[in-house]
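Good morning, and thank you for coming. I would like to introduce a structure that is new to most of this group.

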Amino acid sequence: QLLGPNRLPPGPIGLPILGHFHLLGKNPHVDLCRLARKHGPIMGLRLGFVRAVVVSSPAAAELVLKTHDLVFASRPRSDASCRMSYDQRNLAFAPYGPYWRNMRKLCTLQLLSASKMKQFEPMRKAELGLLVASLKQSRDTVDLRARISAVNGDMNCLMILGRKYSDRDLDEQDGFKALFSEALDITAQFNLADYFPYIGGLDLHGLNRRMKRLSNVFDGFLEKIMEDHLHKKQQSHDFVDTMMAIMDSGEAGFEFDRTHIKAVLLDLLIAGMDTSATATEWTMSELLRHPTVMKKLQEELESMVGLESMVEESHLDKLEYLECVVKEVMRLHPVAPLLIPHESMEDCELQGFHIPKKSRVMVNVWAIGRDPDVWANPDSFTPERFVGSDIDMRGRHFELIPFSSGRRGCPGMQLGSALVKLLVAQLVHCFHWELPNGMKPHDIDMSEHFGLVTARAKRLMAVPTYRLHI
Ligand code: HEM
């Protein structure tokens, strides 16, 4: 380690060539949390030929995402980001620059603004009505992940593509959900090809083959969507129509062709599909594990909404305990535990440590959420800790940043958090939930499956009983 102005952040001892790869297992966010407790909140690693920095405290996260936001606003180039997102033409993996800025502005305005969200409120109400009706008929155990993903996927497709697509529209063999999950899985993997450029062609993990197949399937599907819109098979004017009109007008003011539209559509479908559904499934798991919290939430819903009505979006702001429950779930189970990797665009100094240009920066929000110096009893699920607290999830309080913060912060935050609250409120208000086969709350397996979106490793199964008087 150098001393003085070029002192690099401390870290574990690495192996020749390999660096620190051998320290990362199936759940790298957990391994990195353990290492950071030993080496500090700004930790340096070497992954093959790439210099990486792991940030694991609210103060360090604030330095990266706020104080030096611009320096860290880019994304590293990776094999997956190129192969799976039309050579980084999407939003999530695009390097910082005018293309990313313009495209982000366009998506925020045309799809993710408050007024656009309002426009789709009746659609969300109708889709949730269908979900409740189908659960009401069920007399048996339901696969909550499947149900939550399906309704979330339908709402996403209606909003972005103008109509629902069935599983088989995407791929005869695997279907919608499985392929999107696989894409998130692949993009999050520490792919040796990104860290050892010379062995990329060997495809040691078989990732190239999987990426090629996936990107072909996605491309076929996106081409079909654009053709459908071109030939006016649909009546409504949706986001795809808007994007195509901008392309045809030639007035976008930046590079904008069919490939860019496909890249952004895929990005939004993937970003919107799994994130809210995963957070909802984690919330239902914690509620089933903590029946007193479930009961308290049902009581709030009973008093604010009543057993004669379903929850409406206008109720959400008044449901204070629901807000606390969701914050507590996002603290313990952030869906993107390491965010999406950032990259420094120039040399920078963080708390006296030198961070060279082109370092790959991971912010471990999972570690921050479980830091005993920040939270009392960090591993216990206690929504009450947020009662009367001014900590929100909007990226202003760096101890709780499930949507990140700053330039690269999630542009779908409003939509994502409303969807999670709405789905949870509806499921908890309309139904009593029991675990199947005499299972006890503490038997629920809470293991995680790491990916760009980190979901429960096991599906959540439960038995609903309708409880409203309508
Ligand atoms: C509970 C729901 C959601 C959570 C927890 C979440 C969280 C995140 C996080 C942590 C990031 C990475 C930020 C960073 O690297 O600093 C991100 C990026 C992003 N999210 Fe979300 N998200 C959610 C829902 C959505 C929805 C519904 C959409 C849109 C339909 C969306 C679109 C995006 C996009 C486009 C990016 C990339 C932004 C960029 O790189 O400029 N997200 N999200």
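I shall speak about a sheet, a helix that packs on it, the surroundings of the ligand, a further helix and a loop residue. Please keep in mind that this is a predicted model.

Let me begin with the sheet. It is open and has 4 strands in the order E1-E2-E7-E4, and the pairing is mixed. Strand E1, residues 42-47, and strand E4, residues 342-343, are at the edges; each has a single partner strand, so one side of each lacks a neighbour in the sheet. In general, strands of a sheet pair through backbone hydrogen bonds, in either a parallel or an antiparallel manner. Here, strand E2, residues 50-55, runs parallel to strand E7, residues 360-363, and the two are joined over 4 bridges. Within this pair, valine 54 is opposite methionine 362 of E7.

Helix H2, residues 58-67, packs on this sheet and touches E1, E2, E4 and E7, with its direction at about 130° to that of E7. Which residues of H2 are buried? They are Ala60, Ala61, Glu62, Leu63, Val64 and Leu65. The buried residues of H2 pack against E1, E2, E4 and E7, and also against strand E5, residues 348-350, and helix H16, residues 365-369.

I turn now to the ligand. Of the 25 residues around the ligand, those that come nearest are Gly272, Ser404, Cys410, Gly412 and Gly416. Two helices, H13 (258-289) and H17 (413-430), are the elements that give two or more residues to this shell. Helix H13 supplies the largest share, 7 residues. What is the make-up of the shell by class? It comprises 15 nonpolar, 7 polar and 3 charged residues.

Next, consider helix H7, residues 144-161. This helix has 18 residues and spans 25 Å from its first C-alpha to its last, close to the 26 Å expected at 1.5 Å a residue. Of the 18 residues of H7, 16 are buried, so the helix is largely enclosed by the rest of the structure. Just after H7 comes glycine 162, which adopts a positive phi of about 90°.

Finally, I would point to aspartate 317, in the loop between helix H14 (291-304) and helix H15 (320-332). Is this residue buried or exposed? Aspartate 317 is exposed, because it has 9 other C-beta atoms within 10 Å, and a residue counts as exposed with 12 or fewer. Its C-alpha atom is separated by 14 Å from that of leucine 423, although the two residues are 106 residues apart along the chain.

Definitions and conventions. Residues numbered from 1 in each chain as written. Predicted model: local features only at pLDDT ≥ 70, side-chain atom pairs only at ≥ 80, totals over all residues. Pairing = 2+ DSSP bridges. Contact = placed C-beta atoms within 7 Å. Axes fitted to C-alpha atoms, helices over the stretch in contact; angles between N-to-C directions. Near = placed C-beta within 6 Å. Nonpolar A, V, L, I, M, F, W, Y, C, P; charged D, E, K, R; others polar. Expected span 1.5 Å × (residues − 1). Buried ≥ 20, exposed ≤ 12 C-beta atoms within 10 Å, placed from the backbone.
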